[in-house]
Amino acid sequence: MQDDDGISEIELKIEEKVTEEATKEPPGILDSCDLARERHISIQRQLADLEKLAFVSEGNFDSASSLNSDNVDTGNKQACPLCPKEKFRACNSHKLRRHLQNLHWKVSVEFEGYRMCICHLPCRPVKPNVTGEQISSKMGAHYHCIICSATITRRTDMLGHVRRHVNKGETKSRYIVASAAKPPNEVLKEADTDVQVCPNCSIPQKTDSYFNPKMKLNRQLIFCTLAALAEERKPLECLDAFGATGIMGLQWAKHLGNAVKVTINDLNENSVTLIQENCHLNKLKVVVDSKEKEDGDNVLEEGEENLANIKVTKMDANVLMHLRSFDFIHLDPFGTSVNYLDSAFRNIRNLGIVSVTSTDISSLYAKAQHVARRHYGCNIVRTEYYKELAARIVVAAVARAAARCNKGIEVLFAVALEHFVLVVVRVLRGPTSADETARKIQYLIHCQWCEERIFQKEGNMVEENPYRQLPCNCHGSMPGKTAIELGPLWSSSLFNTGFLKRMLFESLHYGLDDVQTLIKTLIFESECTPQNQFSVHTSSNLSKQEEYGVCTKTTDDTTTDNYIAQGKRRSKEMITNLAKRQKADTTTEHPPFYYNIHRHSIKGMNMPKLKKFLCCLSQAGFRVSRTHFDPMGVRTDAPLVQFKSILLKYSTPTYTGGQSESQVQSASEDTVADRVEISVNDKAEASSCRRW
């Protein structure tokens, strides 16, 4: 047993140690050795390690680790290392062990093998009371975070604090790291373009320069768009408003050369530095604030020449698009892009192109409907055609932004895949084009029973019974309200066939194999024609190149004349011809939306193969094609009643055990005949119905 002087000496050393801990610099600025040594004493692996802290030798806590567990039961009075003397006085070893286990260890928070025990030492700043004196009771329980060294008072808050670190990917403790050296940047190669990326480039919360390898298809689509635009006029002023690593702008400058003048912008200083390094890595000159960077030539080897100049800017994207005019603007922010649409259409040149990539999939795909209403101002629900619904929502937002700037748009193509929604539009200046664009934004009536849908008729008059517009009769046979109103949505075409063919030619020219299949599907979808029946009407004044079974045009299509006529003083003959062309194009537009063949399958029947079903619909006189929105989707102008009847006609019954095959087959044929006879009347009613 120690005397009272010995007890007070131990307590004094503990207080000195705590004071020393509080006055030291934060561990974030220490080296790796200091980080491992300066872990707070409340963070331990085992209870025995916490008990050893009661033994203090010359004021150094590290010497306690040299003692074995037998020294704990020496019977001497020991003080708690995590409580001040006012809260817990020194006692025997067995009482101290019970105190540490019940008060500190049982309420600890575990993380990767470490226990963050509750601490009662005066580590947190104390708020003074009314009289200016500090209350010792407020200095009580708190936890020390092993990751960020923060102090949290309640255990539930500490659990949530650690969970947020894990969700952000911050699982490395600054106390336990073995090395504080910054990991080197990794060099990736895509489309013959080298780019440096940060170690955690695929996690937006852990890096300033985000790089997603899954967006490679998106980058190739945009490159083909710019390459097709460069064939119309050059040089083009191009802007990548959110550069990050600069991979997209580097591909433009490296492959298109002097045909484009690329500007890469980013608001983050680290991203701007990384973009400049990537430019030097690809032997491209960097121009900052209209001045060529002096050390740009130093990175080049002898005998090599720069391919193009890239201007790198560091400013807000809205400010940059207000200050300068461009021929091509690409917007790819993290999330929604509605905050940048007004600025993009403010100074875009006539017949320029704006491409918008939206990654707020949860709102566009109707998982967060309130967010879609807040960002896009539209009502949306989850339907079988939800991906095309998302594309039309984005196009409607783009059209409204263009109309506010007295500009109209022509949709070149719209793609909705798993990770993004890409919309590419051509800008047409003038209030006439803006009015025509605004008239194409309409509401959609969607039946929740049979999934039938139709755009509302134009006009301002209130319909007495809006259900009459639907081809189905669900409202008359079902109780209550059966349909809802979705939108506002873009009601016109989503694809320009001529431009897509030029994109396919550019993808073949630059060897972009990954995107060719998607572009072919878009061409078939824009024509609403099966692949085996795809054909292009020949013309003597157009040179074409046939490759991979698709006839592509190497010169501008007939729509180029429409673009030339825009924004100029046109004669009456030109206006008449243009109106006739636009009217003819409207009649050949693809039907809106699609049906999922699995969604409308008949119970107890085996569906036909998708190719066979497409041929059956085509033989019945309907336009039909597959769609990139859904691998099992069918785009057709057939009403839903006709769609189901043809699907039922060519479905085969599912045979079950216990009956002979002939009996089941005869019974199934009778059932199919009865069902077809029942739907004859519905066919006659819906034969004249079209959803467009």
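Here are some notes on this predicted model, point by point.

1. Confidence first. Average pLDDT for the chain is 76, and 69% of the residues reach at least 70. Two stretches deserve a flag. In residues 129–138 the pLDDT is below 50, and the model gives this stretch five contacts beyond near neighbours in sequence. Residues 534–562 also stay under 50, though here the model has 55 contacts beyond four places in sequence. I'd read both segments with the scores in view.

2. On to the main core. The largest nonpolar core takes in 106 residues, and Phe345, Ile409 and Val421 have the most contacts inside it. Helix 13, spanning residues 386–404, supplies the largest share of this core, with twelve residues. There is also another core, apart from that one, with 27 residues; Ile445, Cys472, Ile597 and Val624 are among them.

3. Ile409 is a handy place to start looking around the main core. Setting aside neighbours within four places in sequence, Ile409 is in contact with Phe345, one of the residues named above for having the most contacts inside the core. Val395, Val398, Ala399 and Ala402 are also on the contact list of Ile409, and helix 13 covers residues 386–404. The remaining partners of Ile409 are Val425, Arg426, Thr437 and Trp490.

4. Now for His144, which sits in strand 4 (residues 143–144). Is it buried or exposed? His144 counts as buried because its relative accessible area is 8%, under the 20% cut-off. Its side chain makes a polar contact of 3.3 Å with the side chain of His142. Not counting residues up to four places away in sequence, His144 touches two cysteines, Cys119 and Cys123, along with His40, Ser42, Ile43, Met116, Ala150, Thr151 and Met158.

5. Last, the cysteines. How many disulfides does the model have? The count comes to zero. Cys447 is in no disulfide, and the nearest cysteine sulfur, in Cys450, is 3.6 Å away. Cys472 tells a similar story: the closest cysteine sulfur to its own is also in Cys450, at 3.6 Å, and that is too far for a bond because the cut-off is 2.5 Å. Cys447 is buried, with 0% relative accessibility. Cys472 is buried as well, at 18%, and belongs to the 27-residue core from point 2.

Conventions
Residues numbered from 1 in each chain as written. Predicted model: local features only at pLDDT ≥ 70, side-chain atom pairs only at ≥ 80, totals over all residues. Heavy atoms only, no water. pLDDT = per-residue confidence, 0-100. Contact = heavy atoms within 4.5 Å. Core = buried A, V, L, I, M, F, W, Y, C linked by side-chain atoms within 4.5 Å. Buried < 20%, exposed > 50% of the residue type's maximum accessible area, 1.4 Å probe, protein only. Helix = DSSP H or I, 4+ residues; strand = E, 2+ residues; numbered from the N terminus. Polar contact = N/O pair within 3.5 Å; in protein donor to acceptor, adjacent residues only side chain to side chain.
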